[in-house]
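Subject: Structure handover

Hello,

Here is the structure for your files. My notes on what was found in it follow below.

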Amino acid sequence: MSNQEENGVQISVEELWYLKDITFRLSSDSPPKQVKIVTQNFNGPCSFIAICNILILRGQIQILPAERTSVSYDFLSHLVGEWLLAACQDVDISAALSTMPITRKGMDLNPLFTNVTSFRPAGAGGELKLFEQAGIKLVHGWLVDPASPEHQVLAKTEDYDTSINLLVEADHLTKGKLVTTEHFTPASPTEPSPEENLSPEDFQKIEDAIVIRNFIESTQSQLTYYGLFALASSLEPGSLVALFRNSHLSVLYKAPGEEAALYTLVTDQVFLHEASVVWERLEDVDGGWSTFVDSDFVRSSPAGGDYAGHTGESALAALEAQAAGMTIEDDADQQLARQLQAEEDQRAQEIYEQRTAERSQREREALRRLPAPEHRQKKKKTDCVVM
């Protein structure tokens, strides 16, 4: 594994995150400001990167010097820690500081299906304290519509973890049939089948679990249209918040003005050299209608072909430089740089596409692999946010 050096310390390349220059206007009447946002590779801690990018966009922290191209966790954690100490002088921030290293491997967030800002655990400690003391609102749109038939069941279980626990218990009652049979229907408790001897309480648990299973399977993006509308109506124009979706945290921005559209900050490293791809408009639950826009929220027109990953302007500049002529040594260096960049872009693109496919596959398989309650293990932390 290759390493790079930062301040005399050898750092794994996987622990380095590249910086991207964008312009951002915090409000409609403020001038645009150039900032460096942190991009995320496949192993990047999305929760911590989202926190850093919100603080950067707000102007509360700044990455210097201007020529810096990458950062490490240690660099960012010191930057955020110093800001917290200065911003919360009369507040005990030990809980927030102790939570920061947890964000490196993923945070255990458990959303409630009934409110855009409700997560468990909450209170004086826990992983939500870092967001609270940084003044960052944590939101999600995985909400059940109060007018839907699922609402009665999900209003009882409320959160994801409790819903999954009920699903596990019901699957145990059905001897594994609930998660392996697509359209499982339990026999009536008054007329039990030879394989089922269910009490009315058990029968109700299974019926509720079927509702939960169908809701989770039909909302695999962890966003519903009711939740999308709730986000749009609850956020103030100009708001920068952390959005939980697809077991991932991203920066959500509600643009000011009459349109007041919702956008998520594009931090995938695959778009590192794509200056015209800065935000993605959040328009539907599956991303089918989403569009990329630039810093001015104008629809993107990225370059393709040999100059994929660059804007039309940078592609033209590269062609002009090539036409101007170079020495044989310079030309060899340029060819090697282009080859390495092309390999990196190709690998990043493959990872990006693979990540999207794997998320959907993991969510489908999770229900089929649920163990019986007595054998259920504690949830394993992943590189991103998990529930």
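The largest nonpolar core in this predicted model has 53 residues, and those with the most contacts inside it are Val38, Leu57, Ile63, Leu76, Leu84, Leu249 and Trp279. Two or more residues each come from β3, β4, α1, α2, α4 (129-133), β9, β10 and β11. Helix α1 gives the largest share, ten residues. There is also a second, separate core of 19 residues, which includes Phe113, Leu154, Leu198 and Ile206.

Val38 can be followed residue by residue. Leaving aside neighbours within four places in sequence, valine 38 is in contact with Trp17, Tyr18, Leu19, Ile49, Asn53, Ile56, Ile63, Val71, Leu76 and Thr267. Of these partners, Ile49, Asn53 and Ile56 are buried residues of α1.

Helix α1 covers residues 46-58, and its 13 residues reach 18 Å from the first C-alpha to the last, close to the 18 Å expected at 1.5 Å a residue. How much of this helix is covered? Twelve of the 13 residues in α1 are buried. The buried set runs through Cys46, Ser47, Phe48, Ile49, Ala50, Ile51, Cys52, Asn53, Ile54, Leu55, Ile56 and Leu57. In general, residues three or four places apart on an α-helix point the same way, because there are 3.6 residues a turn. Here the burial is not confined to positions with that spacing, since the list has no break from Cys46 to Leu57. Just after the helix, glycine 59 takes a positive phi of about 85°.

Next, the sheet beside this helix. Three strands form an open sheet in the order β4-β3-β5, with antiparallel pairing. β4 (33-38) and β5 (70-72) are the edge strands, each pairing on one side only. From one strand to the next the twist averages 40°. Three bridges connect β3 (residues 16-24) with β5, and tyrosine 18 stands opposite serine 70 in β5. Two helices lie across these strands: α1 lies across β3 and β4, at about 170° to β4, while α2 (residues 73-87) lies across β3, β4 and β5, at about 75° to β5.

Further along the chain is strand β10, residues 248-254, where seven of seven residues are buried. Which residues sit on each face? His248, Ser250, Leu252 and Lys254 are on one side and Leu249, Val251 and Tyr253 on the other, with both faces covered. That arrangement follows the general rule that side chains in a regular strand alternate between the two faces of the sheet.

β10 has two antiparallel partners. Six bridges join it to β9 (residues 240-245), with phenylalanine 244 opposite leucine 249. These two strands form a hairpin with two residues between them, and asparagine 246 in the turn has a positive phi of about 55°. Three bridges join β10 to β11 (residues 262-265), where lysine 254 stands opposite leucine 262.

Finally, confidence. The chain averages a pLDDT of 78, and 67% of the residues score at least 70. Over residues 304-316 the pLDDT stays under 50, and the model has 19 contacts for this stretch beyond four places in sequence. Residues 370-383 are also below 50, with 35 contacts in the model beyond near neighbours in sequence.

Regards

Conventions. Residues numbered from 1 in each chain as written. Predicted model: local features only at pLDDT ≥ 70, side-chain atom pairs only at ≥ 80, totals over all residues. Heavy atoms only, no water. Helix = DSSP H or I, 4+ residues; strand = E, 2+ residues; numbered from the N terminus. Expected span 1.5 Å × (residues − 1). Buried < 20%, exposed > 50% of the residue type's maximum accessible area, 1.4 Å probe, protein only. Pairing = 2+ DSSP bridges. Axes fitted to C-alpha atoms, helices over the stretch in contact; angles between N-to-C directions. Contact = heavy atoms within 4.5 Å. pLDDT = per-residue confidence, 0-100. Core = buried A, V, L, I, M, F, W, Y, C linked by side-chain atoms within 4.5 Å.
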